[in-house]
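Visitor: Please show me how to read the surroundings of a ligand and the boundary between two domains.

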Amino acid sequence: MPQIITRQQLLALIDSLLEAGTKVATPVARGEKAFFQYLEKGDAPLIDPAVFPVNSTKEFFFPRHEILYTFERQGTEVLVTDARPFVAPQVVLGARPCDAAALPLMDRVFGWDFQDRFYQSRRENTTVVSLACAAPDAGCFCTSVDLSPETQAGADAELLPIDDDTFEVRVFTEKGRILFGGKTSESDKTGRTGAAPDRKFDAAQIRERLQTAFETPAFFSEAAVRCLGCGACTYVCPTCHCFDMVDEGSVDKGRKVKNWDSCQFALFTHHASGHNPRHDQGERQRQRVLHKFSIYPEKFGVLLCTGCGNCVRGCVDGLGIRPVLEEIAK
Amino acid sequence: MPFEVYTFRSSGKRLFAGKNTPHFHAVYGIIAHKQTIMQDIQTEMRNRAKELLESKQAGLVVGFTLDEYGKPTPAFITDPDDVGRLVWNDDCVRSRHNLVGCLKRDEVRKLGKPAVVVNAAGKRAFNVLIAESQREPGDVVLIDMEPEPRDARFDERYAKLAMLDTMSREERFAFWKKEFTRCFKCYACRQVCPLCYCTQCIVDKNRPQRIDTSATLKGNFAWNITRAFHLAGRCVGCGACSAACPAGIDLDLLNLSLARAGETHFDGYRAGENPDTLPIIGTFSVEDKETFIR
Ligand code: SF4
Ligand code: SF4
Ligand code: SF4
Ligand code: SF4
């Protein structure tokens, strides 16, 4: 029997979680845009499949800024204190399926040779509830990267709209069962996932063509001219995971922090000598495409892109990754 | 005029038609004509671009085309047969993209002498670049889509600040805290700004690291306020930075506050409005009352 929950019951569930001290992240409207964020007092959760939040849910697992350890000089000694990896349980609600599907991809990166406890403890302690898509927008291309709106990857449960005020709840894991246990009721109605976007290109063909991409930078020259070299596409991307580790504070007292970084910045590969092996934007664009469609797949067997289109929507110049991929596939 | 200007007056029509332009209604009266007029402007713009490229007066034309959402986005045309990609419509008129900002990029500079589609804000940005010795008049061909400087826009823009003016200090601080929390330091605002042309931005200098790279509240305040200060008396109010910000932060509010202060304290100075006026920052005069500099 399908399980359902009304919008009101869902909001009550969120409230009870917040009251119990659990952090809950959902999309929230800000001006004309929506952003995934931890709910604060007075925030209205925006559970609407027609909304495409600007950012991805990756920040609740891999935050833009994280303290790794602190240091303090005490006389001739230096006291170093490890930051404790995150342990409190949290809920991410309303993730797009392509957002949730990015999590297993990130798991591989942060648990491959070095085990990143900061990332992993967040993953272990987070329940991810996705929200079925209503319809693709012009940026979506999940079907071109071996996924579809039907994917369950990375999600503990999924909400499928039946009408404006009712959702079918599909539970996939134990965490999902714990969250929704006793909160749903039986019904004969089932929710829907909207239409899938048209297939835009063949990822296998792209991977093959990229084998020679170092020699044919022509693929990237148009993108290089259009691209500003900002970090927007990589920061809104659910699968981009590059970071920088820096010291902050003073010699006497400070901290080592881990901050997001972007391969689209010229500074990313700028050597102390002044040399920059990726000396123009075309090479930086190539890096982003190669990493997602060649380097990562070679290592882990799957693509490092869920076709969510966040990068396309987030780019002021309407670029992002898809136009580049379409150019390569031509 | 200190630079080459192409205006579109040749056909005898007013070739700038914004949705809310009172002149437009006065001249043409009925809206039904507007579509055709916009198309004429577009055709004329394409022809001009083609002519510039064919005659090699320009190696590159920077104008607008439409992205997959149908929104105006910069187009870089080097082939005269490609001018059909150039678009001019109502959204381009309203667009806060400042195409002059594209010209600073190495990849764009490589394509040859540029011709660029500009509105009044674009022209003002170009004037500031000349005043600051970043460009020579004649370096760039301006394809001027707004031959009448819309002065009204200049006055109207401060109206936006009323919202901040009515807040107490504490409320303002709370407002900016909420806004800056969303900044993740993608630097899109800097990358689009025609006047952020430093080859190495202060945030990219790490010996020492004066501004935290962390996108924390402290790091974000440091970044956004430093950028606003660096644009004081220079920002032309195009709004490109606000439009580019994926976090939806209205950076205009910061820049406008400083522009208004400059206007109040420096005899109505408006950046780039008059190409012959010296910039208020970066100009030294022995009459300056601050003696520390001598
Ligand atoms: S593709 Fe767009 S978002 Fe990405 S770096 Fe370039 S301009 Fe910025
Ligand atoms: S590259 Fe773009 S489409 Fe692919 S996962 Fe990242 S943001 Fe989504
Ligand atoms: S700071 Fe001023 S000149 Fe620069 S992009 Fe923003 S509004 Fe335009
Ligand atoms: S564009 Fe917005 S999010 Fe990006 S650095 Fe500037 S203020 Fe921050």
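Guide: We take the ligands, then the domains of one chain. This is a predicted model, in which local features need pLDDT of at least 70, side-chain atom pairs count only at pLDDT 80 or more, and totals for chains, interfaces and linings use all residues. Residues are numbered from 1 along each chain as its sequence is written, chains are lettered from A and ligands numbered from 1 in the order in which they are written, and side-chain values use heavy atoms, with hydrogens and water left out.

Visitor: Which residues surround ligand 3?

Guide: A residue is near a molecule if one of its heavy atoms lies within 4 Å of it. There are 13 such residues for ligand 3, the closest being C193(B), C235(B), C238(B), G239(B) and C241(B).

Visitor: And which come nearest to ligand 2?

Guide: Among its 14 surrounding residues, the nearest are C237(A), C305(A), C308(A), G309(A) and C311(A).

Visitor: Where are the domains of chain B?

Guide: Bounds come from an automatic or database domain assignment. Domain 1 covers 4-144 and domain 2 covers 152-282. Contact means heavy atoms within 4.5 Å; here 16 residues of domain 1 of chain B touch 22 residues of domain 2 of chain B.

Visitor: How many salt bridges join domain 1 of chain B and domain 2 of chain B?

Guide: A salt bridge is a side-chain nitrogen of Lys or Arg within 4 Å of a carboxyl oxygen of Asp or Glu. The count between these two domains of chain B is 1. R234(B) and E132(B) form a salt bridge through their side chains, at 2.7 Å from N to O.
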